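Colleague: I'm new to reading structures, so could you pick one part of this one and walk me through it slowly? Then please show me how it fits in with the rest.

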Amino acid sequence: MHHALTISEIIHEIFTHLLEPHNAPRHHSAGYLTLAALAVTCRTFREPALALRWRQLWSIRPLVPLFPRDIWDESDLYDPNDFDLDIVRLPSQEEWIRFESYASRICDIHIGFEGFTGVINFMVMLSMKYANPSLESHHLFPNLRTLSWNSQEKTALSFAHLFFPPSLRCLTLGFGGLDDRSAPVLLLLLQHQWPRLKQFNISGVFCTRNMLESHAFQQLETLDCEEIDESALGYLAKLTTLKDLSFYLPDPIPTNVAFDEGFVNLQTLSLTADEISVAISFLMSTHIYLLRDWDVTWPQEGTVDIAALRPLFSFSGLRYLHIDGICSFDLSDDSLAELADAWPRLEELMLNHCSGWGRTSEITFKGLKSLIQACPLLQDLALAIDATQLNVVSSTTPGEDIHNDKIETLNLGNSIIGSPAAVALVLGELFWSLKEVQVYVDPQRELYGHLWSEVNSYLLTRQANIQDIGL
């Protein structure tokens, strides 16, 4: 064997390529079977191969065969859709040691219980071993870093504590469909402390101050939750480690409430509210100075104009602005120029890119030109324009060169259009790397969809010609 294959870093790099990076791992896939074979090839390969094979699980089901089959009264144990397990005997000390040697390698596990009726009995057996906190190894996965728990199985909540070691760095909890009878068990579960946790995503429960305080967060950087109350926001404001926050705000922050000296390091805010004024009321109640990313969604109808956005201009370092809601936008070329001057560091500007603007936009190519001139870092853009107004956008000043060479796909919502050839020419002059325009096709204006398809044909031809001449 070549000497290079005795170096652990090289072995790890080679073995990593056997995994499927973009899909949920399947423990009977070719890559995982190859890792299993490598583990028994020689002692040098054993630990690197086993570490990768057991690093991530998308179910606890692969753990069941780690125990001898005679401890179960099994029914369809290897049925791909379902199986049931009844305990016949408890594992011996040696069998537990073998199980723990594999469990200690698991760093990332995703747990759901749909179609797995045997999971409860399996957890009962595990709890007999690990439920006693006085034991040195009372944590099922002592080296677990990432846990995703998404289940509506109420009984399983009684055993969830087995999966929460202090080593957790990233935790996702989904409790959709729980009823009031599950509340006592859930509250007990949420009292666990995770001092090293950096990312916490929780859904299906109301996020309160008491819940958050009980976790004794010391390193939390990201929190994604559903509805949250004012007192919980007061607690989060004091977390100096918090950088990324996502939540639903049902009501405006009272004018007499201010989170003074709070959210000092917050950089990304994803906020869902019933109205944009509710979302802005939260921002105005804070002293956020480092905000770079703002994503706001609201489900009610309304109109967004430049006056609604002006309170945000104080966040001059904003890089990402995403606004999506059942609303219409009332913005003009002058409005877009004012917005661009306020946020010169913008890299993404996405305004209702999924559903259009609800009205004919007043923004023309003149407005687009002022936007890309003031925001040279722009990489993603979604807004609506009036592409029937072919006002002059060509350079008129000697030496002037205004264009964007970063945007390859442009989202123009429900923009109206006149001449596809003329529009493609103007867009190509403004966006040198543009390959495609995506639009939201209004069922009552299907003609515009066909015209924008012609624009895309012209753009593809343009890019092909550029490549041919080597530009």
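Modeller: Let's start with Asp70, which counts as partly exposed because its relative accessible area is 48%. Keep in mind as we go that this is a predicted model. What does Asp70 pair with in a salt bridge? Its partner is Arg89, and the closest N and O atoms of the two are 2.8 Å apart. The pair links distant parts of the chain, 19 residues apart, although Asp70 and Arg89 both sit in the loop between strand 1 and helix 4. Arg89 is partly exposed too, with a relative accessible area of 28%. In general, side chains of opposite charge can pair when their charged atoms come close. The story doesn't stop at two residues, though: Glu95 joins Asp70 and Arg89 in a network of salt bridges.

Now stay with that loop, but swap charges for rings. Phe67 is in the loop between strand 1 and helix 4, while Trp96 is in helix 4. We'll get to that pair in a moment, after a quick look at the wider picture. The structure holds nine aromatic pairs. One of them joins Trp54 and Tyr102: the ring centres are 5.4 Å apart and the planes are at 65 degrees, so this pair is edge-to-face. Trp54 lies in the loop between helix 3 and strand 1, and Tyr102 lies in helix 4, 48 residues apart. Are these two buried or exposed? Both Trp54 and Tyr102 are buried.

Back to Phe67 and Trp96. Their ring centres are 5.4 Å apart and their planes meet at 85 degrees, so this pair is edge-to-face as well. Here the two partners are 29 residues apart in the chain. Phe67 counts as buried because its relative accessibility is 2%, and Trp96 counts as buried because its value is 7%. Phe99 comes in here too, since ring pairs link Phe67, Trp96 and Phe99 into a cluster. Tyr102 has one more visitor: the charged end of Arg105 sits over the Tyr102 ring, 5.5 Å from its centre.

Helix 4 turns up once more when you look at helix 3, residues 43-53. The buried residues of helix 3 are Phe45, Pro48, Ala49, Leu50, Leu52 and Arg53. What covers them includes helix 1 (8-16), helix 2 (30-39), strand 1 (56-57) and helix 4 (93-103).

So how many salt bridges are there altogether? The structure holds 11. Another one to compare with the Asp70 pair is Glu347 with Arg319, where the closest N and O atoms are 3.8 Å apart. Glu347 is in the loop between helix 11 (333-342) and strand 13 (348-351), and Arg319 is in the loop between helix 10 (306-309) and strand 11 (320-325), so the pair ties together parts 28 residues apart in sequence. Why does Glu347 count as buried? Its relative accessible area is 13%, and buried means under 20%. Arg319, at 21%, counts as partly exposed. A further salt bridge joins the side chains of Arg359 and Glu362, at 3.9 Å from N to O. Arg359 has 33% relative accessibility and counts as partly exposed, and Glu362 is partly exposed at 43%.

Next, the nonpolar core. The largest one has 135 residues, and Trp294 and Leu349 touch the most other members. Helix 9 (residues 276-284) gives the largest share of this core, six residues. Leaving out residues up to four places away in sequence, Leu349 touches a list that includes Leu321, Leu336, Leu371 and Asp380. In soluble globular proteins, nonpolar side chains tend to be buried together.

One last stop is helix 13, residues 420-430. Its buried residues include Val423, Val426, Leu427 and Leu430. Among the elements these buried residues pack against are helix 12 (365-374), strand 16 (409-411) and helix 14 (446-468).

And a small oddity to look up yourself: Phe263 has a phi near 50 degrees, a positive value in a residue other than glycine. You'll find Phe263 in the loop between strand 7 (244-249) and strand 8 (268-273), and it is buried, with a relative accessible area of 1%.

Definitions and conventions: Residues are numbered from 1 along each chain as its sequence is written. This is a predicted model: local features need pLDDT of at least 70, side-chain atom pairs count only at pLDDT 80 or more; totals for chains, interfaces and linings use all residues. Side-chain values use heavy atoms; hydrogens and water are left out. A nonpolar core is a set of buried Ala, Val, Leu, Ile, Met, Phe, Trp, Tyr and Cys residues joined through side-chain atoms within 4.5 Å. Buried means under 20% relative accessible area, exposed over 50%, partly exposed in between (1.4 Å probe, protein chains only). Helices (H or I, at least four residues) and strands (E, at least two) are DSSP runs, numbered from the N terminus. Contact means heavy atoms within 4.5 Å. A salt bridge is a side-chain nitrogen of Lys or Arg within 4 Å of a carboxyl oxygen of Asp or Glu. Rings of Phe, Tyr and Trp (its six-membered ring) pair if their centres lie within 6.5 Å; planes under 30 degrees apart count as stacked, over 60 as edge-to-face and the rest as tilted. A charge sits over a ring if NZ of Lys or CZ of Arg is within 6 Å of the ring centre and within 35 degrees of the ring normal.
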